[in-house]
Amino acid sequence: MESKGLSRNNRENKAKPKRKEIIEKRKAMDALIKVASAEKDYLSAFPAFRHYQISGLSAFLESGRGDKLSSPVKQFIQNLLKANMEGPYGSEWPAEEKVKRREMVAPEARYVFVRNTSNASSGEFLTMSEREKTSTSCVEERGPIVGFVHFRFVIEEELPVLYVYELQLEPHVQGKGLGKFLMQLIELIACKNHMGAVVLTVQKANSAAMNFYLCKMRYVTSTISPSRVDPLIGIEKSYEILCKTFSNEAKAILEEPLELVHSV
């Protein structure tokens with residue numbers, strides 16, 4: 001009888017994490033984030049992703065960080081964000097633009113930049129960039145920057161995740177498979193650094209982006225997205241939070257089946 005009583009107590013103790021266990025788990029996650037963020041070149045482990053070649057486009061990828069951006073690169077990011085996102089954000093853009101300007105130079109911000117190295121058609125791209133007022137100030141011997149991914153390693157719902165803040169490409173390099181190439185790299189970076197998932201936010205009005213992530217990249221609407229937290233609140237919000245998980249724990253927390261969410 002006593003052994004059964006002890007067994008029941010053990011089960012109860014196991015069911016409820018102790019404070020020490022919670023603290024140790026948090027320390028472990030913080031350590032993961034610290035190590036992942038300390039990496040100087042995220043492409044060093046994936047040399048095949050240094051270059052992207054397709055008919056009409058040759059690109060070179062390089063790493064960067066928010067507190068090391070040059071003034072021309074900052075201007076490029078601001079201009080490309082405005083060109084691509086002012087429409088989807090609508091009336092929210094003026095306030096959102098200020099937020100994005102702060103986010104882009106944060107010490108924890110990490111980047112993968114895409115440079116166009118297509119010599120044959122560089123004159124054409126420069127003309128387009130000048131017209132779009134985006135990459136003219138970022139022309140170097142390595143070629144003009146034509147896109148970027150801004151990401152960070154963060155803790156979300158007590159899980160270490162890679163959060164994609166921005167994936168932006170100039171119009172003339174869109175539709176060439178470059179976005180998919182970049183997201184595949186991001187997922188590899190996340191897995192290498194033991195992140196539980198890749199998470200990102202998409203404006204509902206940006207139908208092309210929603211289709212890209214949900215259909216082409218197989219992301220799902222996360223349990224932390226407003227529409228799944230509370231459908232009534234979701235209607236009022238202009239965005240969805242999407243994710244792709246890489247562990248059972250992350251899947252249970254961020255991709256919980258819809259029927260379970262609605263039954264709670």
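User: Why is Cys-191 called partly exposed?

Analyst: In this predicted model, Cys-191 has a relative accessible area of 39%. Buried means under 20%, exposed over 50%, and partly exposed in between, with a 1.4 Å probe and protein chains only. Cys-191, at 39%, is therefore partly exposed.

User: What makes Cys-243 buried?

Analyst: Its relative accessible area is 0%. That value is under 20%, so Cys-243 counts as buried.

User: How many disulfides does a search of the whole structure find, and what would count as one?

Analyst: The search finds zero. A disulfide is a covalent bond between the sulfur atoms of two cysteines. Here the test is a pair of cysteine sulfur atoms within 2.5 Å, and the search of the whole structure finds zero such pairs.

User: What can I rely on in a predicted model?

Analyst: Local features need pLDDT of at least 70 and side-chain atom pairs count only at pLDDT 80 or more, while totals for chains, interfaces and linings use all residues. Residues are numbered from 1 along each chain as its sequence is written, and side-chain values use heavy atoms, with hydrogens and water left out.

User: What makes a space in the structure a cavity, and how many are there of 30 Å³ or more?

Analyst: On a 1 Å grid over the protein atoms alone, a cavity is a set of points where a 1.4 Å probe fits but cannot get out. The search finds two of 30 Å³ or more. A volume is the space filled by probe spheres set on the points, which are joined across faces, edges and corners. The largest cavity holds about 40 Å³, and the second largest about 30 Å³.

User: Why are Gln-78, Leu-81, Trp-93, Glu-97, Lys-100 and Arg-101 called lining residues of the second largest cavity?

Analyst: Lining residues have an atom within 4 Å of a point of the cavity, and these six line the second largest one. Helix 3 (71-89) and helix 4 (93-104) each supply at least two of the lining residues. Helix 4 gives the most, with four. Helices here are DSSP runs of H or I, at least four residues, numbered from the N terminus.

User: What is the make-up of the lining of the largest cavity by class?

Analyst: It divides into four nonpolar, two polar and three charged residues. Ala, Val, Leu, Ile, Met, Phe, Trp, Tyr, Cys and Pro count as nonpolar, Asp, Glu, Lys and Arg as charged, and the others, Gly among them, as polar. Among the lining residues are Tyr-42, Ser-44 and Lys-192, so Tyr-42 counts as nonpolar, Ser-44 as polar and Lys-192 as charged.

Methods:
On a 1 Å grid over the protein atoms alone, a cavity is a set of points where a 1.4 Å probe fits but cannot get out, and a pocket is an open set with protein on both sides within 12 Å along at least five of seven lines; lining residues have an atom within 4 Å of a point.
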